[in-house]
Amino acid sequence: MKNMKINHAQKGFTLIELMIVVAIIGILAAIAIPQYQDYIARSQVTRVVGEISAVKTNAEEALLRGGTITNVPADEGPTDFYVGFDQAKSNLVSTFTITAGGTAAPTLVATLGGDSSAAVTGAVVNVARDATGVWTCTIDPSSAPAGAWKDSYAPAGCPAS
């Protein structure tokens with residue numbers, strides 16, 4: 001009988017190969033999950049700024065007509081204009097108010113809450129109009145959880161103060 005060589009083909013992965021793959025996945029997850037959470041927080045702040053900016057347009061129209069603005073439909077009088085922010089439809093805003101009584105220099109104030117990320121819950125978006133008609137936007141993160149807020153969450157044009 002001739003010398004027969006028996007080939008034993010490898011069937012599957014070795015334990016060390018599997019451990020390397022698990023380690024690589026763990027490292028990628030450790031980097032990706034915090035980055036994703038930051039992305040979610042930034043997008044939520046940007047969304048609330050956008051929602052308030054839409055109200056800003058309605059408020060400006062009301063002020064240019066010589067009226068005052070309100071966010072409560074029942075409070076409308078002959079010269080009051082409802083600006084139309086429906087807080088029930090925004091799952092990221094816990095409170096919305098108009099300060100300065102809807103005069104020529106109002107401030108639209110929205111507090112993040114509801115379904116917002118824990119890092120931004122409590123941050124306050126202020127969109128203010130001065131007497132000359134110039135609108136400015138700032139974010140007050142002082143009510144957000146200590147150490148959770150990052151200035152990178154604020155969108156361009158609406159810095160954290």
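## Exercises on strand pairing and burial

In this predicted model, Val124 has Asp140 in β6 as its bridge partner.

**Exercise 1.** Work out how strand β5 is joined to the strands that pair with it, and which residues stand opposite each other.

*Solution.* Begin with β6 (residues 135-140), which pairs with β5 in the antiparallel sense over six bridges; the bridge between Val124 and Asp140 belongs to this pairing. The two strands form a hairpin with five residues between them, and in the turn Gly133 has a positive phi of about 95 degrees. Next take β4 (residues 107-112), which pairs with β5 in the antiparallel sense over five bridges. Here Thr107 has Ala128 in β5 as its bridge partner, while Thr111 stands opposite Val124 in β5. Val124 thus appears twice, opposite Thr111 and as the partner of Asp140 in β6.

**Exercise 2.** Extend the analysis to β3 (residues 93-99) and state how β3 is joined to β4.

*Solution.* Strands β3 and β4 run antiparallel and are joined by six bridges. Within this pairing Thr99 stands opposite Thr107 in β4, and Thr107 in turn has Ala128 in β5 as its bridge partner.

**Exercise 3.** Determine how far β4 and β5 are covered, and describe how the side chains of β4 are directed.

*Solution.* Strand β4 is mostly covered, with six of its six residues buried. Thr107, Val109 and Thr111 point one way from the strand, whereas Leu108, Ala110 and Leu112 point the other way, and all of them are buried. Strand β5 (residues 124-129) is also mostly covered, with five of its six residues buried.

**Exercise 4.** Classify Val125 and Leu15 as buried or exposed, and describe the setting of each residue.

*Solution.* Val125 lies in strand β5 and counts as buried because its relative accessibility is 0%, the cut-off for burial being under 20%. Leaving aside neighbours within four places in sequence, Val125 is in contact with residues that include Leu108, Val109, Ala110 and Leu112, as well as Cys137, Thr138 and Ile139. Val48 and Val49 are also among the contacts of Val125; Val49 is 76 residues away from Val125 in sequence, yet the C-alpha to C-alpha separation of the two is 6.9 Å.

Leu15, by contrast, is placed in helix α1 (residues 15-64) and counts as exposed because its relative accessibility is 62%, the cut-off for exposure being over 50%. Together with Ile16, Met19, Ile20, Ile24 and Leu28, Leu15 makes a nonpolar surface patch of about 640 Å².

Key. Residues are numbered from 1 along each chain as its sequence is written. This is a predicted model: local features need pLDDT of at least 70, side-chain atom pairs count only at pLDDT 80 or more; totals for chains, interfaces and linings use all residues. Side-chain values use heavy atoms; hydrogens and water are left out. Patches are made of residues with over 30% relative accessible area and no salt bridge: like charges are joined within 9 Å, nonpolar side chains (Val, Leu, Ile, Met, Phe, Trp, Tyr) within 5 Å. Accessible areas come from the Shrake-Rupley method with a 1.4 Å probe; for residues, only the protein chains shown count as cover. A salt bridge is a side-chain nitrogen of Lys or Arg within 4 Å of a carboxyl oxygen of Asp or Glu. Helices (H or I, at least four residues) and strands (E, at least two) are DSSP runs, numbered from the N terminus. Buried means under 20% relative accessible area, exposed over 50%, partly exposed in between (1.4 Å probe, protein chains only). Two strands pair if DSSP finds at least two bridges between them. Contact means heavy atoms within 4.5 Å.
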